[in-house]
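I'm opening a fresh notebook page for this one. Here is what I looked up, in the order I went through it.

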Amino acid sequence: MSAGSDALTGISALSPDQQARLERAWGDEPGFYGWLKSVNHKTIGRRFIVTAMCFFAAAGILAAIMRLQLARPANTVVGPDLYNQLFTVHGTTMMFLFAVPVMQAMAVYFVPIMVGTRNIAFARMNAFAYWIYLFGGLMLFGALMVNAGPDAGWFSYVPLAGPEYSAGKRSDFWAQLITFTEVSGLLVSIEIITTVFKLRAPGMTLNRIPLFVWAMLVTAFMIMFAMPSVMFASTALITDRLVGTHFYNPAEGGDAILWQHLFWFFGHPEVYFIFIPALGMMSSVISTFARRPVFGYPVMVLSLVATAFLSFGLWVHHMFATQIPELGKSFFTAASMIIAIPTALQIFCWIATLWLGRLNLRTPLLFVLAFFVILLIGGMTGLMLASVPLDLQIHDTYFVVAHLHYVLIGGAVFPLFGAIYYWFPKITGRMLSEHLGRWNFWLFFIGFNVAFFPMHVLGLKGMPRRVYTYPADMGWNELNLVATIGAAMIAVSMVLFVVNVVISYRSRAATPANPWGASTLEWATDSPPRPYNFARIPVIGGREPLWEASGIKGHVHGLSYDTPELLITTVQDAALDHRMAFPRPTIWPLLTAIAVTVLFISSIFTPWAVVWASIPVTIALIAWFWPTRREAAEILALERKP
Amino acid sequence: MKRIVFLFSCLALAQPAFAAWAQDARDPGGVQAAHIHLLWLVMLAVTTIVSAAVLIAFLIPLWRAPRGNEETPPDPEAPLREERGASRSVIVAAVISVIGLFGLLVASVATDRALAHLPLDNGISLEMTGHQWWWEVRYTDANASKEFSTANELHIPVGRPVTITLKADDVIHSFWVPNLHGKKDMIPGRDSIIQLRADRPGTYRGQCAEFCGYQHAYMALVVTAEPAADFDKWKQAQVASAAAPTDALRTQGQQVFLTSTCMMCHAIQGTTANARKAPDLTHVASRPTLASGALPNTPDNLKNWIADPQKIKPGVNMPATALAEEDLRALVAYLSGLK
């Protein structure tokens, strides 16, 4: 560890007076109202992560009910009406309210610290993005509570989700949830891109950015290119349902296949919104616990970028059973297989890192190592699904259910849990229990395989997806029971996780700044970091700042202690560019989010809501951007007297 | 790793238990399913070998690499050294992956070609329409008097290619009989075609594979593949109009049918009932199941079904029919006689 890094960035570098002034400039205001007004990326990041984990738990409970229903043939725990809502809300929540947001939430918390700055770019927008995400999620579960949960699948195929075959407002709630999460996802992407490009600590050139930050940057770009597709798709669905347009109505010149193209052009990259951040987490954890940098940094970065590009070229493999011309389908087979190569390269590089490192086998590493077993199987079944003829047999069967859970849980949830065990001290200032962590891990790992491996066989034995029950004489009974037992084991492991979090959080043991002996900048600050992250902005001299002797070369002088002020650097070389005053906390992002929520939800019921509900939105936005005298005076003062 | 290999080999070797109605992609009853099954075995073998190799490469360092802890001095200079052995291994592994993927791609395209080259001489053709939640089947013929409709079952001659035109009436459904071929979507506004051939006589079960609403789970189909002579006999019987009722009870049953709401949706050839909203019942008693696979076709089940279909298949489009007990008995007797 570089000597004196703590002296440069930690709290001890400042006098008590300077500490208090910085705290006032960057901290949240006291009380509940101050909590609502917060624009600090750590406060928002923490609530983002906690909210996403709550949605994960809620969607997990829905899955548990489905597994109970399917434990026996012709079971009657739930009927078809509720079952269809359960699997739709389960899938929608896991994809739109858990997996994508939780990755972005981790980025909101860690990217600014890892690049050495004091807040995320567009901090008020960040607060708004969180509120709009929360309100969208509450709307979905509110709808489910009043028996108006969407029931046409998370993919919401038309015409089943269209005006004629999905009466009531169920599908409208689904489409509007997409609008909520789109807005939130796009805004956070903009913040991450700007933070990574313009707020990096001086000296952190592009080829010194931590791999996790690269992964989040690539993901943010992907979200910006993929989201507009589903944005159009879901808006067209709402207008079909609400005002009688015919985008998807074949009888009036519309087309049901149009929906599938638009949805999967977004939907396939979406899998990689979830997977690529997890690859970044893998790299962080493997590097720290192998006690060396990840082997092949340039290959790792280029693989992330290649994966992102390729992921836009395989959406048709979700549509092999439609009447798309055969030659066209073969192109997508090739593309779907090629995308395995960048991922394989990263796996090989990590394995090389493990070979060459000195392994510290702690819980975070255990979770991350599960990736190598589970994602490997998920990747292999992915190759099978990429093949047109084989896909025709296993598409829309339990084989796909097995595959997607191997990919998403093995490829994203296990690394995410590894990342939570790894970064928990940096979020809360406490370490999670190693002992409970191991129980959590092994129960989850074994339970996962018991639950999902049999589903491969069920799919080959002809069990389709999304059936609320099945006859007793199909030969599916035993494997379904086994899967339910596995699901119960997963549930127990998740309870252990919650117990671990609660016990560890309530313990009062202080945690050092860098308990794992890691190399990246977030470990140079206190655990948890002060509101301003770094007492002084470090000047970076290497890719592994805390490991290299000249990793932190010095620190930046001259930023204001009394006004929130950030250092802006150049995109490529992170050379000093200029200083910029940053917004202070304000209630307006919350009020604007409420106004937008009113607009979104009421437009489910009447198209006129788009007109009248835009008035409060406009007022809120004007108030949000209205310059205050105090801020203007502060900025002027800084201009004159730096 | 052993566990994985073991499970994968179980997948490959386990012979599916022989059920009366097979629904299993690993038990091909026709040439198309056999092509795909062969591809499955190739893919399974290749991916199992690759997985095993990667897992071994992954487990060796876990077993042998030196251990460290938080205090172990890190090695930030590692990337500056030439780690030639590791580079070479990564490059070799990447090249092998590319070659392996290319092999799988060739196997996939070759299978695709084989599926597209099914000889179509001496074939039969028919038309299927997916409805929420049943299958309408229409055997077409150049001679219109030889056309007929049935529902939720197919009979096909063994060894002769079958071309099925697939349509959808309401939402998207997907035709899938795994023992005979992969699936093909039925999309409103876009007809599609699937071509298959059964090479082994048998009864195969199929099921809608695209989520289509409440009763997606009970949208099944029974395919009987039989020798040509049996098929022709079955066809003869199906072309004929419904048998006229022979006794008083059945005559009463026919009257009940023709004077209640039944005839608003159902057709029985040879009577005045000719609606096309619901399954054609001309030979309903000859079919193996009721309500698209929800129930075995017995008079008792038929009676319960007519009395309250919502209890058996919630959400189904058929309403309950309030009939006096003796009318219901007569109706069931009549329908059970429509062999």
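Before starting on burial, I need the cut-off: I call a residue buried if 20 or more other C-beta atoms lie within 10 Å of its own, with the C-beta atoms placed from the backbone. I also keep in mind that this is a predicted model.

**Entry: a helix in chain B**

I began with helix H3 of chain B, residues 84-116. Is its length what it should be, or not? At 1.5 Å a residue, its 33 residues should span 48 Å, and I find the end C-alpha atoms 48 Å apart, so the two agree.

Next I asked which residues of H3(B) are buried. My list reads Val90(B), Ala93(B), Ser97(B), Leu101(B), Leu104(B), Ser108(B), Thr111(B), Asp112(B) and Leu115(B). I then looked for what covers them, and the cover includes four helices of chain A: H11 (326-338), H12 (340-356), H13 (363-386) and H14 (388-394). Helix H2 (31-64) of chain B is part of the cover too.

**Entry: where the two chains touch**

That sent me to the contact between the chains. I get 80 residues of chain A in contact with 78 residues of chain B. On the chain A side, the elements that each supply at least two residues are helix H5 (80-114), helix H9 (256-289), H11, H12, H13, H14 and helix H16 (434-460). Which of them gives the largest share? H12(A) does, with 12 residues. Sorted by class, this side of chain A has 49 nonpolar, 19 polar and 12 charged residues.

**Entry: the two domains of chain B**

I see chain B divided into domain 1 (124-239) and domain 2 (248-336). Their C-alpha centres lie 22 Å apart. The contact takes 17 residues from domain 1 and 15 residues from domain 2. On the domain 1 side, I find two or more residues each from strand S2 (134-139), strand S3 (148-151), S10 and H4 of chain B. S3(B) has the largest share there, three residues. By class, I note 10 nonpolar, six polar and one charged residues on that side.

**Entry: the five-stranded sheet**

S2 and S3 turned up again when I traced the sheets. They belong to an open sheet of five strands in chain B, in the order S3-S2-S1-S5-S8, with mixed pairing. The edges are S3 and strand S8 (192-196) of chain B, each pairing on one side only. Ignoring direction, I get an average turn of 25° between neighbouring strands. How do S2(B) and S3(B) run, parallel or antiparallel? They are antiparallel, joined by four bridges. I also noted that Tyr139(B) stands opposite Phe148(B) in S3(B).

**Entry: the three-stranded sheet**

My other sheet in chain B is open as well, with three strands in the order S4-S10-S9 and mixed pairing. Its edge strands are S4 (153-157) and S9 (202-207), and each pairs on one side only. The twist averages 20° from one strand to the next. I count six bridges between S9(B) and strand S10 (residues 220-226) of chain B, in the antiparallel sense. For Gln207(B), I find Ala220(B) in S10(B) as the bridge partner.

Last, I checked what lies across this sheet. Helix H4 (residues 228-239) of chain B lies across S4 and S10 of chain B, running at about 135° to S4(B). I had already met H4(B) and S10(B) on the side of domain 1 that touches domain 2.

Definitions and conventions: Residues numbered from 1 in each chain as written. Chains lettered and ligands numbered in written order. Predicted model: local features only at pLDDT ≥ 70, side-chain atom pairs only at ≥ 80, totals over all residues. Pairing = 2+ DSSP bridges. Axes fitted to C-alpha atoms, helices over the stretch in contact; angles between N-to-C directions. Contact = placed C-beta atoms within 7 Å. Expected span 1.5 Å × (residues − 1). Buried ≥ 20, exposed ≤ 12 C-beta atoms within 10 Å, placed from the backbone. Domains from an automatic or database assignment. Nonpolar A, V, L, I, M, F, W, Y, C, P; charged D, E, K, R; others polar.
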